[in-house]
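Thank you all for coming; I would like to take a few minutes to walk through one structure with you. Please have the sequence and the model open while I talk.

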Amino acid sequence: MAERRVIGPTAWLVGGAGLFIGAIAAWLTSQGNPGNMGLCIACFWRDIAGYFMGSQTGQAGLAYIRPEIIGIMLGALAAALITKEFRPRGGSAPLLRFVLGFIFMVAALVFLGCTVRVWVRLGGGDLTAIWGAVGIVIGVVIGVFVLRKGFNLGRAKQLAAPLGWILPAIAVVLLVFALVTEYGAKPEWATLTPAKGKAVVPGEVVVTTDGDVIKPADATLVDGAVVAADGTVLADAEKVASAGAMPGGLRAALWISLLAGAAIGVAAQRSRFCSIGGIRDSILVRRFDLLFGVVGLVIGATIVNMLFGQYNLGFEGQPAAHNDALGSIAAMTLAGLAAVLMGGCPLRQMIMGSEGDADGAIAVVGMFAGAGFSHWAGLASSGAGLGDNAWLAMAVMAVILGAIAFIKRPRVA
Amino acid sequence: MKEVDVRGLSCPMPLMHTKKAIEDDPTEILVHADSGTAKANVVAFLQDAGYSVSVDQTGEEYKIKGAR
């Protein structure tokens, strides 16, 4: 093969999109989104899962329909329609894509962030995210090895038009629920973290800033302390006063989030930005253009975080993060591998789903289910560290990923 | 002319197949793609390899022609 340019002109397009997405993510934090969580595909779908299933999954503090998610899907849909890239297609191992999305999400919630938030966290100065980045690289290297062995989920086919509209339809349904909740009333069965609601004991005792106890339901506030119906003190006054806000209660205004999401959706659709594709392509086909995307994201987030005084360099006291290096590496190894096997990061799955790709939509539905399961089963981490069964779950997921890689290798008939 | 069909393949397989196809340096190559992402990536990849590229869109398909 003749000499080939390994960095082409599209590097600047992807890099610019990354810069933009990182800047928007950091800006969203200044507008009210959680720290270093201006944009996180996993966390935001987790919050949406909390809205619908929070009463079953114990997500009182992680329940809100994130308008960014709706915006991303509708923005990408509009961009795909205008450029005539909307194509109803699917049928490439949808069940396995559901499982891969599910595993991706459970693993991401052990780390506390998806493959996009790793870079957002780094852009906020959160050095614990380095462990996540290390995990992604390891996972992608394993994924590249599997791809080189011939791993293939099979070709997607053209589908009947309505099947291309699965994810856009989900976006519209979410938009309706978000608007009804914002301007009308929350449905009885839904869970919604109160704005700036405080986590006194994460997941166990949650109070509003006004001092109303929202969890456990039968507890009351007595002299600043949370007291259960039987008189047990669940949290003393000092603990209540010093408690931090729950991520689900930290949010930018609905329209700001929606428009920011739409802008991200358009940028990602046009640029083909992918949070793992850069590392994958660099190793697999020696093409570095996509890598500019994540580099740009870190730079954009760093600059805007510094402008807004949100930049905090270090390993300690980072928002919605823990310092378990080994757990973070293992979790993101699994997430990185799952993302390679399904052909792109969770943001890309959403973009593809919005372009009419039913397989991308199924992966997103798998992520949604995985989020609810993760919290129901207590697998998601907290700032304090990993859940009791997180390592067991990661071992099981590693076996399943290995099996999928083994089953879908090429065989001679 | 070398011909490659990457229709229905998810990332990064369109690039893997294209890379393999140009290993023996064909002067002309035709890649069949059906997604915008595959099209964009294959076009950029061929241009980086020194091909002049043209794209014909016929119905649901992109015919990507590279020549040098």
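Let me begin with a definition, since the word "pair" comes up straight away: two strands are taken to pair if DSSP finds at least two bridges between them. Please also keep in mind that what you are looking at is a predicted model. With that said, β6(A) is joined by three bridges to β7 of chain A, which covers residues 225-227, and the two strands run antiparallel. Because the cut-off is at least two bridges, the three that link β6(A) and β7(A) are enough to call them a pair. One example that you can find on the screen is Thr220(A), whose bridge partner in β7(A) is Val227(A).

Stepping back to the sheet that these strands belong to, we have an open arrangement of three strands in chain A, in the order β6-β7-β8, with antiparallel pairing. The edges are taken by β6, residues 220-222, and β8, residues 233-235, and because each of them has a single partner strand, one side of each is left without a neighbour in the sheet. On average, and ignoring direction, neighbouring strands here are turned by 45 degrees against each other.

Let me turn to the contact between the two chains. How many residues of chain A are in contact with chain B? The count is 31 residues of chain A, which meet 33 residues of chain B. Together the two chains bury about 2700 Å², of which 53% is on carbon and sulfur atoms. The rule finds four salt bridges across this interface, and one that is worth showing is between Arg5(A) and Asp48(B), where the closest N and O atoms are 2.8 Å apart. Between chain A and chain B there are also nine residue pairs in polar contact, counting those with both residues at pLDDT 80 or more. On the side of chain A that touches chain B, α6 (129-148) and α10 (277-284) each supply at least two residues, and the largest share, three residues, comes from α10(A). By character, the residues on that side of chain A divide into 17 charged, eight nonpolar and six polar.

Next, a residue in a loop of chain A, namely Arg251(A), which lies between β9 (244-245) and α9 (254-271). What does Arg251(A) touch, once its neighbours within four places in sequence are left aside? Its contacts include Gln31(A), Tyr64(A), Arg66(A), Leu192(A) and Pro194(A). The side chain of Arg251(A) has a polar atom 2.8 Å from the backbone oxygen of Thr193(A), and it reaches the backbone oxygen of Gly248(A) at 2.9 Å.

Arg66(A), one of those contacts of Arg251(A), also meets Asp47(A) in a salt bridge, at 2.8 Å from N to O. That pair links distant parts of the chain, with Arg66(A) in the loop between α2 and α3 (67-82), Asp47(A) in helix α2, and their positions 19 residues apart in the sequence. Over all chains, the count by this rule comes to 18 salt bridges.

Finally, two points of backbone geometry. In chain B, a cis peptide bond joins Cys11(B) and Pro12(B), with omega about 0 degrees, and Pro12(B) is found in the loop between β1 (2-5) and α1 (13-21). In chain A, Asn36(A) has a phi near 50 degrees, a positive value in a residue other than glycine, and its place is in the loop between α1 (10-30) and α2 (41-57).

How values were computed:
Residues numbered from 1 in each chain as written. Chains lettered and ligands numbered in written order. Predicted model: local features only at pLDDT ≥ 70, side-chain atom pairs only at ≥ 80, totals over all residues. Heavy atoms only, no water. Helix = DSSP H or I, 4+ residues; strand = E, 2+ residues; numbered from the N terminus. Axes fitted to C-alpha atoms, helices over the stretch in contact; angles between N-to-C directions. Contact = heavy atoms within 4.5 Å. Buried area = accessible area lost by both parts, 1.4 Å probe. Salt bridge = Lys/Arg side-chain N within 4 Å of Asp/Glu carboxyl O. Polar contact = N/O pair within 3.5 Å; in protein donor to acceptor, adjacent residues only side chain to side chain. Nonpolar A, V, L, I, M, F, W, Y, C, P; charged D, E, K, R; others polar.
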